[in-house]
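Me: I would like to learn how to read helix packing and buried residues from a model. Can we take it one feature at a time?

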Amino acid sequence: MKNDNENKKDLSYELEIINDWENPTSKSVSIFEGDKFLSKGFLLKETNKLFLRLPIRIGKDSIEDIIIETEAGQRIFTTLYVNGRSTKTEKDGVFSNTLCSIQDLRKGQFLPGQISRFRCFIPTSPSMLNTYRFQLETIRYSDSEHTYNHQCVRINIEDLQFDVLQIKHKNEGYYVIEAFQDMSFDDFCNYCYAIQQALGFVMGYMPGGEIFYFSSDKEYYYTNHVRPAMKSYYCPINTNPYSFITSAENYSGKLTVMPAKCFSNLVSLIYSNERFSSAITMMLESENARSLLLTPSIYAVVLEALSKIVCAPIAEGKKPVNNKELFKKILKELYGIIDSHYAEFESDDDILKLRRRLSELNKPIRQLTNIEKLILPFEQLGIGLTPQDIAIIEHRNDLLHGNTHLDDSSRTGTCDINNYMMYASGKLYTLISSLILKYVGYSGYIINHAKAYEKYCNINTEEDYYKYI
């Protein structure tokens, strides 16, 4: 492993290339279809979309094997997709224009099996370069001018190592993912996406929208045909309690960042388990949509999916109480409770039916109910649940069977319903994040997002703003 103090990175070549393509306004280029000159054109950039305007009419919807030659002599391969055509007649003649979109640029092969030591740069707004120091364990890295803190996370997965940097260059922000070992381009892309998802879950922001890939041979590949950046209103960990609550003195020195080992475990799990990756993506997409209707229902689906991933198989045929004498004692006490309410029953037959059911309590467990299946992984991982946690888990049936408003007789007005759905969303998110974090080895405080909504729902609990797992 590299010494942190010697972790020097020269990103100048990549940043020069990126800056050239990030600012192509009215840049004149020559366009070739194979070896045949097609036209002069102008490159345009709007947000993370790249366009080419040509003073000719193209009848096809797309053209492959296109070479863009810049004024500096660079020759870049791409495919053009026609977005629109226009024709106007003037006294000097008829003039046509075609606007084409560009989804990727390629200098070199960049085939799935190509082996190299890759880096990728994901552009973002500088405002989204929130340093890692409140969520993730960091290391130092340096360039020719500065040594940086809180802006580099190291990931170790078996014999592979990655660094994830946040950098600012010429008023632009970038997330940089760097591999220290040679690997195939396909594997690197898959690891990059797993890292993006892990960042999205822990930081509340998943970078995306466009990516520049670079090989160790100084070849590069650009694409904006990727999942867009997603921003959440939730994150599971934050060591700065003042960003969540006003009175935070009680949490001073108690809150911890996510260790690099746990974050590495999270990336590895996302990379290797497609179902887990899908669950993380569903969470991010629902949070990014900011929909009160969607979020609780999707969280219910995610909780169900996670319970099947993190839950260890239970042995069929096991009795809840193996000690016969203990069960007899419990049964006697339960009979006593029923008998104490004798006068309230409608008939003796009802009492007998209930007493007969009690004798079935200690039968071997063969099939759990849906709610029991959702509670079991918390029990197996040693995560304590409050009565309010269980009440929210029991909403599973409501959400998965169409009661997306979580209606009941006590919540009739729109405001009451919306407030409770925000409360439920915060509860479900905290339950989900506790499962994920505990499963990858994290131990410490996580944010209890539902606590902030209790006052709007007339719910009073002794729960705290942070929950220890």
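**Reading the contacts**

Reply: Start with a pair of helices. Phe327, Leu331, Leu334, Tyr335, Ile338 and Asp339 of helix 6 touch Ile351, Leu354, Arg355 and Leu358 of helix 7. Keep in mind that this is a predicted model.

Me: What is the make-up of the contact of helix 6 with helix 7: how many nonpolar, polar and charged residues?

Reply: Eight are nonpolar, none is polar and two are charged.

Me: Why do residues three or four places apart matter in a helix?

Reply: An α-helix has 3.6 residues a turn, so residues three or four places apart point the same way. Now look at the case here. Leu331, Leu334 and Ile338 are among the helix 6 residues in the contact. Helix 7 offers Ile351, Leu354 and Leu358, among others.

Me: How do helix 6 and helix 7 run relative to each other, roughly parallel or roughly antiparallel?

Reply: Read the angle. Helix 6 and helix 7 (residues 348-358) pack at about 165°, and their axes are 10 Å apart. Angles over 145 degrees count as roughly antiparallel. Helix 6 and helix 7 are therefore roughly antiparallel. Their crossing is right-handed.

Me: What about helix 2 and helix 3: at what angle do their axes cross?

Reply: The axes of helix 2 (residues 185-203) and helix 3 (residues 260-272) cross at roughly 125° and come within 8 Å. That angle makes helix 2 oblique to helix 3. Helix 2 passes helix 3 in a right-handed crossing.

Me: Which residues make the contact of helix 2 with helix 3?

Reply: Helix 2 brings Asp187, Asn190, Tyr191, Ala194, Ile195, Gln197, Ala198, Leu199, Phe201 and Val202. Helix 3 brings Phe263, Leu266, Val267, Ile270 and Tyr271. Of the residues in this contact, twelve are nonpolar, two polar and one charged.

Me: Is the crossing of helix 5 and helix 8 left-handed or right-handed?

Reply: Helix 5 passes helix 8 in a left-handed crossing. Take the geometry next. Helix 5 (residues 294-310) and helix 8 (residues 370-381) pack at about 50°, with axes 9 Å apart. That makes helix 5 oblique to helix 8.

Me: Which residues meet between helix 5 and helix 8?

Reply: From helix 5, Leu303, Glu304, Ser307 and Val310. From helix 8, Lys373, Leu374, Pro377, Phe378, Gln380 and Leu381. The contact divides into six nonpolar, two polar and two charged residues.

Me: Which residues of helix 8 are buried?

Reply: Ile371, Leu374, Ile375, Leu376, Pro377 and Phe378. Leu374, Pro377 and Phe378 also appear in the contact with helix 5. Then look past the end of the helix. Glycine 382 follows helix 8, and its phi is positive, near 75°.

Me: How do I judge a loop residue such as valine 321, buried or exposed?

Reply: Use relative accessibility. Under 20% counts as buried. Valine 321 has 18%, so valine 321 is buried. Valine 321 sits in the loop between helix 5 and helix 6 (324-340).

Me: What is valine 321 in contact with, leaving aside its neighbours within four places in sequence?

Reply: Leu326, Phe327 and Asn362. Phe327 also takes part in the contact of helix 6 with helix 7. Check the C-alpha atoms too. Valine 321 and lysine 363 are 42 residues apart along the chain, with their C-alpha atoms separated by 9.0 Å.

Me: Now a polar side chain. Where does glutamine 161 lie?

Reply: Glutamine 161 lies in strand 13 (residues 160-169). Glutamine 161 counts as buried because its relative accessibility is 8%. Look for a partner. The side chains of glutamine 161 and asparagine 156 are joined by a polar contact of 3.0 Å.

Key:
Residues numbered from 1 in each chain as written. Predicted model: local features only at pLDDT ≥ 70, side-chain atom pairs only at ≥ 80, totals over all residues. Heavy atoms only, no water. Axes fitted to C-alpha atoms, helices over the stretch in contact; angles between N-to-C directions. Helix = DSSP H or I, 4+ residues; strand = E, 2+ residues; numbered from the N terminus. Parallel < 35°, antiparallel > 145°, perpendicular 65-115°, else oblique. Left-handed = near helix turned anticlockwise from the far one by under 90°. Contact = heavy atoms within 4.5 Å. Nonpolar A, V, L, I, M, F, W, Y, C, P; charged D, E, K, R; others polar. Buried < 20%, exposed > 50% of the residue type's maximum accessible area, 1.4 Å probe, protein only. Polar contact = N/O pair within 3.5 Å; in protein donor to acceptor, adjacent residues only side chain to side chain.
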